[in-house]
Amino acid sequence: MPASDADREPTTPGMPPGSTSETLEANWRRTVDHSTRWPVIAFVSSSVFWLLIGSVLAIVASLKFNMPDWLVQQGWLTFGRIRPAHLNTVIYGWISMAGVGVGTWLWARLLKTRLRGRWMMMTSVALWNVGMLLGTIGILIGHSRAIEWVEMPYYAFAFIVPAMLLVVASFLLTLQQRRVKHLFISVWYLGASMLWGPFLVVAVLLPIYSGVPEATANWWYAHNILGLWITPAGLAAAYYFIPKVIGRPVYSYHLSYLGFWTLALFYNWAGVHHLVGGPAPQWVVTVSIVFSVMMIVPVVVVAVNHHMTVVGHFKKLKYSPTLRFVVFGAMSYTAVSLQGSLQSLRSWQEVTHFTHYTIAHSHLGVYAFASMIMFGAMYYIMPRVTNWEWDSPRLISIHFWTTGLGVGAYFTALTIGGVIQGLQMLDPSIDFLTIVDDTKPWLVVRSVAGSLMTIGHFVFAYLLYRIIAKSGERRDGPVYFHPAPAGLFGSSAGDGSSRQAPSMDADSEETQDSPGL
């Protein structure tokens, strides 16, 4: 019985006479994309579902700052349960599952081989969703572990951890069958994320901590799950999609290596700076501060590499949804990381600790950086796994502006409000209730900005439903914000197209600075 497209290896040179390189290229891409189709759709659609749940919980939590007596009759609706339920749904449901979905497609594409262990991936999606459902309900009914970033009860992680390990197994099987010698930098970041992420979760769940060591382990984990699980996935996507869409190699592959290894070396030490002023040993906090400041090195390296790659092609941001979202996220990575180095200093912590400034900082990282890159990646990937184009450039534009302006307003308001709040709390002559009253206007902006982002999320969910269901008329080419001039994105149309034409970067292994896909 003949093998299906998904079960065949990508075609290679030496094919029958008459086969052009472009045809061969299109054939193996089609094979690879087809092999990732259902895992990618399952992870992406699941992630967006949890994004919607998390967004609703976020709006409820935010409005409670403006209306503290709203929805307090039932325990499961109180702020102390709604807020951690929001945090866990967006971290483990939205951004983690989105990262796996995007990473799955990138992994197979960059290794030029079909995805192995697809049954593992589909089982992982099922286990992950069960774990998320149990965890969210568990927090809301009062079973929270009361440890920030890991509030979900153990019985939820009993499903999520095996789900993560199944993803790792599938990735390893695919890596073993790779058809490339050179590993593009995105593979390094994705592979590291798959190594570090499950280790972090298992380590923090070990029942061996109490007191000060528990607090230390908590913030070692909370910082690293962002920096060593979420961040590598975001940077892997940025390193692939920026050069891919604009059609030129990464500016410097040597810089990309430097950025990777300095991230690996410095970031894992940085989390304990959250305990400045706490009972943790001061030498531990000081070491954390030192490495937080040293994180300037990988951040500047990545920023320079991305910027120099885009130089001369900024006009393409006007047209490409993928490029606009990803560049927004990449710029936010630079901002949030440099802010994090500043925030680790004791003198600045004295002002910002226990204020809304910290909330602004975390949203700049998880949302403005990681989430915006995931949105951009999905705009590129989904047409290729569904063989269908996005439905409406107008709705995509609404999605970008509601989320971009929303997170911008959110960050600006809570940053300014948080600094004012911190300075006032240092002044013993200012009454605490006065500080609370002065904070209220900034919290109103927070709720409005959060509502904008939530609107964008529902718009994106609608677009995702339309492309998965293949609703509407079939488009002949990719969707742009504005009609793109002929040849701007090359013969591949550069962005979002489900067509299997060759790319601007020629898909050659000879060019090590190129995604080669």
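In which helix is the place of Asp-33? Asp-33 sits in helix H1, which spans residues 21–66. Welcome to a short tour of this predicted model, with stops at a buried acid, a nonpolar surface patch and an exposed glutamate.

**Asp-33 in helix H1**
- Asp-33 is buried, because its relative accessible area is 1% and the cut-off for buried is under 20%.
- The side chain of Asp-33 has a partner in the side chain of Trp-105, and a polar contact of 3.0 Å joins the two.

**The nonpolar surface patch**
- A nonpolar patch on the surface has about 800 Å² of accessible area together, and its members are Tyr-251, Val-293, Ile-296, Val-300, Val-304, Met-308, Val-311, Phe-314, Leu-338, Leu-342 and Leu-345.
- Two helices, H9 (296–310) and H10 (321–343), each contribute at least two residues to the nonpolar patch.
- With four residues, H9 gives the most to the nonpolar patch.
- One of the patch members, Val-304, belongs to helix H9.
- Val-304 counts as partly exposed because its relative accessible area is 35%, which falls between the cut-offs of 20% and 50%.

**Glu-350 in helix H11**
- Glu-350 is part of helix H11, made up of residues 346–352.
- At a relative accessible area of 53%, Glu-350 is exposed, since the cut-off for exposed is over 50%.
- Glu-350 and Leu-423 are separated by 73 residues in sequence, while their C-alpha atoms are 8.9 Å apart in space.

Terms used
Residues numbered from 1 in each chain as written. Predicted model: local features only at pLDDT ≥ 70, side-chain atom pairs only at ≥ 80, totals over all residues. Heavy atoms only, no water. Patch = residues over 30% accessible without salt bridge, like charges linked within 9 Å, V, L, I, M, F, W, Y side chains within 5 Å. Areas by Shrake-Rupley, 256 points an atom, 1.4 Å probe, with all protein chains shown as cover. Salt bridge = Lys/Arg side-chain N within 4 Å of Asp/Glu carboxyl O. Buried < 20%, exposed > 50% of the residue type's maximum accessible area, 1.4 Å probe, protein only. Polar contact = N/O pair within 3.5 Å; in protein donor to acceptor, adjacent residues only side chain to side chain.
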